[in-house]
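Hello,

Here is the structure I said I would pass on. Have a look at it first, and then read on for what I found in it.

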Amino acid sequence: RRRLQDQNSNQDPGSAGTELIKVEFGEWAFEAEVCENGHPACPVTTFSIVQDPCQGMDNDEITLDDILDRDNPQINDCQRAYRDQAYGFAKGFGYLRQLCAGCMDPVCDSDLLGRLRTKCASFDDTPN
């Protein structure tokens, strides 16, 4: 379960007006933005749309280690925490490719969300 630690967090100078909170997911601790809907998401200032480490793999070949890609500095702890938490769901429903590609990463920024949707449009709605 997620635990919000510090509701009175600092503002990030790179994104004026964005509230940052401390979040813990199991072993993960990171800063997250608060979206307009009140849900936490990965901050735009540390979020990047990365090369899919699972490209060319089938769902049954993908492991949690592949998805977390711990050696990739472009994937931040916020993204890893959400991917770690979503792994069981994605595996159960056949969406590991989408999870690994970052299609399920939580973001608030509409521009970034649009770019993620464009990237993820190559996946059809059925699990592979």
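The accessible surface of the chain comes to about 7,400 Å², and carbon and sulfur atoms account for 46% of that. Please keep in mind as you read that this is a predicted model. Buried residues make up 41% of the 128 residues in the chain.

As for the layout, the chain has 4 helices and 4 strands. Starting from the N terminus, the order of elements is β-β-β-β-α-α-α-α. I also looked at contacts between residues at least 6 apart in sequence, and 49% of these join residues at least 24 apart.

**A nonpolar patch on the surface**

If you turn the model to helix α2, which covers residues 77–93, you will find F89 there. Together with F93 and M104, F89 forms a nonpolar patch on the surface, and the three share about 310 Å² of accessible area. F89 has a relative accessible area of 46%, so it counts as partly exposed. F93 counts as exposed because its relative accessibility is 53%, which is over the 50% cut-off.

Two members of this patch also meet ring to ring. The structure holds 2 aromatic pairs. In one of them, the ring centres of F89 and F93 are 4.9 Å apart and the planes stand at 40°, so the pair is tilted. Tilted is the word for this pair because 40° falls between the limits of 30 degrees for stacked and 60 for edge-to-face. Where do F89 and F93 sit relative to each other in the sequence? Both are in helix α2, 4 residues apart, which is about one turn of the helix.

**Salt bridges**

The model contains 4 salt bridges, and I would like to walk you through three of them.

One joins the side chains of E31 and K22, with 3.4 Å from N to O. Both partners are partly exposed: E31 has a relative accessibility of 35%, and K22 has 34%.

Another pairs E27 with R70, where the closest N and O atoms are 3.9 Å apart. This pair links distant parts of the chain, 43 residues apart. E27 is in the loop between β2 (20–25) and β3 (28–34), while R70 is in the loop between α1 (64–68) and α2. E27 counts as exposed, at 61% relative accessibility, whereas R70 is partly exposed, with a relative accessible area of 47%.

The third joins the side chains of R83 and D105, at 2.7 Å from N to O. Here too the pair links distant parts of the chain, with R83 in helix α2 and D105 in the loop between α3 (96–100) and α4, 22 residues apart. Are these two residues, R83 and D105, buried or exposed? Both R83 and D105 are buried.

**Around G102**

R83 turns up again when you look at G102, which is found in the loop between α3 and α4. G102 has a relative accessible area of 2%, so it is buried. Leaving aside neighbours within four places in sequence, G102 is in contact with R83 and L116. The C-alpha atoms of G102 and R83 are separated by 8.2 Å, although the two residues are 19 apart along the chain.

**The two sides of helix α4**

L116, the other contact of G102, brings us to helix α4, residues 110–120. The buried residues of this helix are L112, L116 and C120. They cover an arc of only 70° around the axis, so they lie on the same side of α4. The face turned away from that buried side carries the exposed residues S110, R117 and T118.

**One backbone detail**

Finally, please take a look at D69, in the loop between α1 and α2. What is special about the phi of D69? D69 has a positive phi of about 40°, although it is not a glycine. For background, most residues other than glycine have a negative phi.

When you open the model, the patch made by F89, F93 and M104 and the buried salt bridge between R83 and D105 would be my suggested places to start.

Best wishes

How values were computed:
Residues are numbered from 1 along each chain as its sequence is written. This is a predicted model: local features need pLDDT of at least 70, side-chain atom pairs count only at pLDDT 80 or more; totals for chains, interfaces and linings use all residues. Side-chain values use heavy atoms; hydrogens and water are left out. Patches are made of residues with over 30% relative accessible area and no salt bridge: like charges are joined within 9 Å, nonpolar side chains (Val, Leu, Ile, Met, Phe, Trp, Tyr) within 5 Å. Accessible areas come from the Shrake-Rupley method with a 1.4 Å probe; for residues, only the protein chains shown count as cover. Buried means under 20% relative accessible area, exposed over 50%, partly exposed in between (1.4 Å probe, protein chains only). Contact means heavy atoms within 4.5 Å. Rings of Phe, Tyr and Trp (its six-membered ring) pair if their centres lie within 6.5 Å; planes under 30 degrees apart count as stacked, over 60 as edge-to-face and the rest as tilted. The arc is that of the directions from the helix axis to the C-beta atoms.
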